[in-house]
Amino acid sequence: MPYNLRSARPTDVEPTQEKEEEKAVQEELAAHDETLDVEPSEEEPALASAAPALSKNAQKRLAKEAKRAEQKVAWRAKEKEKAKAKKAEKRKLREAEEAAEGGGSGEGQPAKKAKTALKPVQPPPPVPFKARIIIDLGFDDKMSEKEIGSLLAQLGHVHSSNRKTDKPFTDLLMTGLNGRLKQKLDEICDRSYLRWRNVDWWEEGYEFLWEEERVAAPGSEPAIFLEKSNLRPWVKEHKAEKGSVVYLTADSENELAELKEGETYIIGGIVDRNRYKNLCKNKAAAQGIRTGKLPIGTYLADMPSRKVLTVNQVFEILVKWVEERNWEKAFIEVVPKRKFKDPNENNPQKKKQNIDDVLDDDDVDGVALLA
């Protein structure tokens, strides 16, 4: 019959067998500890003396390493002292300089450095010149496709020049925007010209500056994109007295002495290789407005090349005059250097020819500075 553990659970019999086994284990551990505490025998010193001694080279090497370690500690301490002395000397020099500049608070007391925040240097705000510049774009039917492309690029330079200067013109207005030029601006530039800041565009002519109402041309849709909107908050309601308007043309007899605030200056926006004589002068005369020309003949009378400039070059001259109040500096800085060189200088026969017949692709009628 198998032994039943549950039934063999005595209550009156002690587990003597387990206690005896535990006692035997403890006696064995105690005997092992006694063996560890045994005093070394007489044979152990003999075994230690039997170990081989270090060679002379090894002993020298150990001595060198010990000496090097001592030297390294001394060298580090010496370098620290040098660094401290150098730092103290620099501090004394700095304090002496500050004291000489009057920044010291007293003898032996270092001057306190002013705590200045490192902020980016902000350019001064622009100071506008209170005059209006108009680019008359009403000559679309008188230009070739190539000439319209050149005028398109020149208009971009005009906007860039007025945006970069610290003395921009208050108003920059493009009038008479129609035909192929408008189509190219809409298609090629994805109408980005409408986002040119502080530049306004009219499909109508500049004569609406002094007329009572701006009426769209017959058969044309209202120019909604020209009006003020959330995307174009700078659009202004342009008005001007007719007597304050001056059309710049090379054919004028009136040479400008200066630009005046409160006046409106018109630049003829046409690239025509000088095919149309007196075009802008006749247009201004028909509308009864004044004309004027820039005084390039007075300041650059000996310029051998043709004195006709692009739309953007004329505008840049006006900008430079506002900055410098000096016509000569404005001309020299803007007029291309190639126009100061005579292409026929070494050819006496060709030198007698009229160089006005040689024109650049970007020559502009209506802004020629000297006839």
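## Worked exercises on a predicted chain

Setting aside neighbours within four places in sequence, Gln313 touches Val334 and Pro336; a contact here is a pair of heavy atoms within 4.5 Å. What you have above is a predicted model, where local features need pLDDT of at least 70, side-chain atom pairs count only at pLDDT 80 or more, and totals for chains, interfaces and linings use all residues. Residues are numbered from 1 along each chain as its sequence is written, and side-chain values use heavy atoms, with hydrogens and water left out.

### Exercise 1: Gln313 and Thr310

Place Gln313 in the secondary structure and decide whether it is buried or exposed.

Step 1. Gln313 sits in helix α8, which covers residues 311-324. Helices (H or I, at least four residues) and strands (E, at least two) are DSSP runs, numbered from the N terminus.

Step 2. With a relative accessible area of 12%, Gln313 is buried. The cut-offs: buried is under 20% relative accessible area, exposed is over 50%, and partly exposed is in between (1.4 Å probe, protein chains only).

Step 3. Now try Thr310, which is in the loop between α7 (296-299) and α8. Thr310 comes out at 7% relative accessibility, so this one counts as buried too.

Step 4. Check what Thr310 faces across the sequence: Gly268 is 42 residues away along the chain, yet their C-alpha atoms are 9.8 Å apart in space.

### Exercise 2: Lys320 and its partners

Which residues form salt bridges with Lys320, and where do they lie?

Step 1. Get the rule straight: a salt bridge is a side-chain nitrogen of Lys or Arg within 4 Å of a carboxyl oxygen of Asp or Glu. The chemistry behind it is that side chains of opposite charge can pair when their charged atoms come close.

Step 2. One partner of Lys320 is Glu323, with the closest N and O atoms 3.5 Å apart. Lys320 and Glu323 share helix α8, sitting 3 residues apart, or about one turn of the helix.

Step 3. Glu333 also pairs with Lys320, at 3.1 Å between the closest N and O atoms. Lys320 is in α8 while Glu333 is in helix α9 (residues 327-334), so this pair ties together parts 13 residues apart in sequence.

Step 4. Look at exposure. Lys320 is partly exposed at 22% relative accessibility, Glu323 is partly exposed at 24%, and Glu333 is partly exposed at 47%.

### Exercise 3: Glu263 and Arg290

Work out which parts of the chain the Glu263 to Arg290 salt bridge links.

Step 1. The closest N and O atoms of Glu263 and Arg290 are 3.1 Å apart.

Step 2. Their places are distant in the chain: Glu263 is in the loop between β4 (245-248) and β5, Arg290 is in strand β6 (residues 290-292), and 27 residues separate them.

Step 3. Compare the two ends. Glu263 is buried, at 16% relative accessible area, whereas Arg290 is partly exposed at 39%.

Step 4. Widen the search. The whole structure holds 12 salt bridges, and there is a network of them linking Asp140, Glu145, Arg180 and Lys184.

### Exercise 4: Two asparagines

What is the sign of phi at Asn198 and Asn278, and where do these residues lie?

Step 1. Phi of Asn198 is positive, near 60 degrees, in a residue other than glycine. Asn278 also has a positive phi, of about 60 degrees, and is not a glycine either.

Step 2. Asn198 is in the loop between α5 (179-187) and β3 (199-201), and Asn278 is in the loop between β5 (264-268) and α6 (279-287).

Step 3. For exposure, Asn198 is partly exposed at 41% relative accessibility, and Asn278 is partly exposed at 30%.

### Exercise 5: The chain as a whole

Tally the secondary structure, the burial and the contacts of the chain.

Step 1. The chain has 10 helices and 6 strands.

Step 2. Of its 371 residues, 34% are buried.

Step 3. Take the contacts between residues at least 6 apart in sequence: 79% of these join residues at least 24 apart.
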